[in-house]
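Q: Please take a close look at a single part of this model. Work outward from there to its surroundings, and keep it brisk.

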Amino acid sequence: MNLEKTTKYTVSNNINNELVFPNSSGFRRYEDFFCQDSITHPAKANILMLKWIVERYSAPGDVICDPMAGTFSTAIIAGLLGRDAVGVEYEEKFYQMGVANKARFDNLPTLTPKGEITVLR
């Protein structure tokens, strides 16, 4: 089994060439950036996988678009990594979740420069 080190976690590349990420139940250390409805959402994306994808396939200053943003976790992670993000959500409750998460993101300080997040419906 090959192991590839990335920031703060290990991604293993198993014999079937599938990436295997550690279980990520919830947003853990990123919870402050998410409203309660996002945190309790039953179908959250693996935050470690999102972080790995954004780090690996984009650079600071790039724009990440998530056309089905849901809890807007991709946009939050992209913004924390210095990427600008556009999250699009059709359903009103998820759009409102995105608005709430963007407000939390904008108001919480970080040690590194954040990207800008745009929430669209």
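A: Helix H3 covers residues 73-80 and is mostly covered: eight of its eight residues are buried. Buried means under 20% relative accessible area, exposed means over 50%, and partly exposed lies in between (1.4 Å probe, protein chains only). Helices (H or I, at least four residues) and strands (E, at least two) are DSSP runs, numbered from the N terminus. The model is predicted, so local features need pLDDT of at least 70 and side-chain atom pairs count only at pLDDT 80 or more, while totals for chains, interfaces and linings use all residues. Residues are numbered from 1 along each chain as its sequence is written, and side-chain values use heavy atoms, with hydrogens and water left out.

The buried residues of H3 are Ser73, Thr74, Ala75, Ile76, Ile77, Ala78, Gly79 and Leu80. They pack against two helices, H2 (47-57) and H4 (92-107). They also pack against strands E4 (63-66), E5 (84-88) and E6 (117-120). Contact here means heavy atoms within 4.5 Å.

Now the two ends of H3. Phenylalanine 72 is found in the loop between E4 and H3. Its phi is near 65°, a positive value in a residue other than glycine. Most residues other than glycine have a negative phi. Phenylalanine 72 counts as buried because its relative accessibility is 1%. After H3 comes glycine 82, whose phi is also positive, near 85°.

Next, the strand before the helix. Along E4 the side chains alternate. Ile64 and Asp66 point to one face and are buried. Val63 and Cys65 point to the other face and are not buried. Cysteine 65 counts as exposed because its relative accessible area is 52%. Cysteine 35, by contrast, is buried, with a relative accessible area of 13%. The count of disulfides comes to zero; a disulfide is a pair of cysteine sulfur atoms within 2.5 Å.

E4 and E5 run parallel and are joined by four bridges. From E4 the chain crosses through H3 to E5, and this β-α-β crossover is right-handed. Right-handed means that, with the strands pointing away from the viewer, the path from the first strand over the helix to the second runs clockwise. Two of the pairings can be named. Valine 63 stands opposite aspartate 84 in E5. Cysteine 65 stands opposite valine 86 in E5.

E5 alternates too. Ala85 and Gly87 point to one face and are buried. Asp84, Val86 and Val88 point to the other face and are not buried.

On to E6. E5 and E6 pair in the parallel sense over four bridges. Two strands pair if DSSP finds at least two bridges between them. Alanine 85 stands opposite isoleucine 117 in E6. The bridge partner of valine 86 in E6 is threonine 118. E5, H4 and E6 make a right-handed β-α-β unit.

Threonine 118 deserves its own look. Its place is in strand E6. It counts as partly exposed because its relative accessible area is 36%. Leaving aside neighbours within four places in sequence, threonine 118 is in contact with Ala85, Val86 and Gly87. The C-alpha atoms of threonine 118 and glycine 87 are separated by 6.2 Å, though the two residues lie 31 residues apart along the chain.

Now the sheet as a unit. Three strands form an open sheet in the order E4-E5-E6, with parallel pairing. E4 and E6 are the edge strands, and each pairs on one side only. The twist averages 15° from one strand to the next. H3 packs on the sheet and touches E4, E5 and E6. The direction of H3 makes about 170° with that of E4. Axes are lines fitted to C-alpha atoms, for helices over the stretch in contact, and angles run from 0 to 180 degrees between N-to-C directions.

Last, the wider setting. The protein has four helices and six strands. From the N terminus on, the elements run β-β-β-α-α-β-α-β-α-β. Of the 121 residues, 43% are buried. Among contacts with a separation of 6 or more, 55% come from residues 24 or more positions apart. The accessible surface comes to about 7300 Å², and 54% of that belongs to carbon and sulfur atoms. Accessible areas come from the Shrake-Rupley method with a 1.4 Å probe; for residues, only the protein chains shown count as cover.
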